[in-house]
Amino acid sequence: MTTLSNWLAAQSVDAKLASVMTTMAAASAEIAAVLRQSAISGQTGLAGHTNVQGEDQKALDVISNDIVLNHIRQNPEISILVSEELDEPVHIENQGTYLVATDPLDGSSNLDVNVTVGTIFSILDARKGLLQPGSAQLGAGYAAYGPATSFVITFGPSAAVFTLNDDGVFVLTTEKLAVPKASAEYAINTARERLWDDATKGYVAENVAGETGPAGKRYNMRWIGSMVADVHRILMRGGIFLYPLDSENAAKGGRLRLLYEGNPMAMLVAAAGGASTTGQQSVLDVVPTDIHQRVPVVLGSADEVARVVAWYAQA
Ligand code: AHM
Ligand code: MG
C-alpha cells in the first residue's frame, strides 16, 4: 500500500510544494467528513438561515471555504489564498512561496440530492503575482466526494489518484492516469443548445448523428452538473467536457472560472495525455485579467478536443 505521504516523499518535487498537497488532502478529508454527515447535522441549509435549534446555518460552500482556509493558515509555505467564495485574495503573513486558488465546493447545487461534488485547487508561485496563466501552475488537483473520496493530483508530468480509506489515509489507487485519445462520450448541458455558437452546435450535431454521421460512431452523453464528477469520469475512462461560450454567458466570458476551475482541470487532463481549449487557445495559455475571470472550457480526450478545435477554426 502506497500512502499519499509515501508517494509525495518519492516525487522529485520540492518538499515545500509537496506540503501544499498534504494541506489540501487534509482539508479535503475534513470536508468529506462534514459532507457525509450534513443531512443529519442539518448543515445543508442556505447561509443566513437558522436551523430548528435556532442556530445559524452556514451553507456548505462557506463551511468548506473555512476548512480550506484553516488548513492553509497552518502551512507556512502558503501565503495567498484565492477562493471562489471570497471576493478578495487572503494574504497570510508569512514568507510562504505558494498561492492556492480554490473552488472549495464545486457543484454545490448537487448537495441536496447527494450527488458527487468536489474541491478543486491550483498551486502557483505566490511571488509571481495573482494573474498567471495556467501553464505557470506548479501543481493542481481536486477531491471528488462520491461513493469514495478520490484525491487526484498532478505536479505536471503525470497525474495520480488516491482514495481515502476508513482510517482517514489517502491510498494510491491509480499511479498514472491516461485519458484515452479516442472516446465516444461527451458532456455538455444540452438545455443551452439554442444559446450555443455554430462550432458547438456543429460538433454536437455530428455526435448525435451517430454511426451514420460524419463522426462515424455512436456517442453517449453524460452530464452530472458537477464539473469534478464529469471530469473525474473523463480522466478515468475518456470523453470530453464542454462548457462553451454561449449567447447568455458571453458577456461574462463563459460560465466556469479560469483560476480555480478551468486551469487546474486543464493541467490534470494535460498530465493524463488529454487536451483543453477555449475554442481559440489552450485553456492553460489564457492570461487572466481578474482572479474570478470566467472562461470557456473544453477538455478531455485529445481526438475529441481536436474535433472541437477544428470546428472553431472553420466557424
Ligand atoms: P459552481 O462553482 O457555482 O458550483 O458552478 C460550477 C458548476 C460546475 O460544477 C458544473 O459543470 C456547472 O456549474 C454546471 O452548470 P449548469 O448548471 O449549466 O449545468
Ligand atoms: Mg465551481
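**Exercise 1.** Is Asp103 buried or exposed, judged by its C-beta neighbours inside 10 Å?

*Solution.* First, the basis. This is a predicted model, in which local features need pLDDT of at least 70, side-chain atom pairs count only at pLDDT 80 or more, and totals for chains, interfaces and linings use all residues. Residues are numbered from 1 along each chain as its sequence is written, while chains are lettered from A and ligands numbered from 1 in the order in which they are written.

Next, the rule: buried means 20 or more other C-beta atoms within 10 Å of a residue's own, exposed means 12 or fewer, and partly exposed lies in between, with C-beta atoms placed from the backbone. Asp103 has 28 such neighbours, so Asp103 is buried.

**Exercise 2.** Locate the UniProt "binding site" positions and test whether they cluster.

*Solution.* The unreviewed UniProt entry puts this feature at Glu84, Asp103 and Leu105. They span 22 residues of sequence, yet cluster in space, with a largest C-alpha distance of 8.9 Å. Such annotations may be inferred rather than shown by experiment. Asp103 sits in strand S3 (residues 98-106). Leu105 is in strand S3 too. Strands here are DSSP runs of E, at least two residues, numbered from the N terminus.

**Exercise 3.** List the contacts of Asp103, leaving out residues up to four places away in sequence.

*Solution.* Contact means C-beta atoms, placed from the backbone, within 7 Å. Asp103 touches Glu84, Ile120, Arg257, Tyr260 and Glu261. Glu84, one of these, also carries the "binding site" feature in the UniProt entry.

Technical notes
Helices (H or I, at least four residues) and strands (E, at least two) are DSSP runs, numbered from the N terminus. Two residues are in contact if their C-beta atoms, placed from the backbone, lie within 7 Å.
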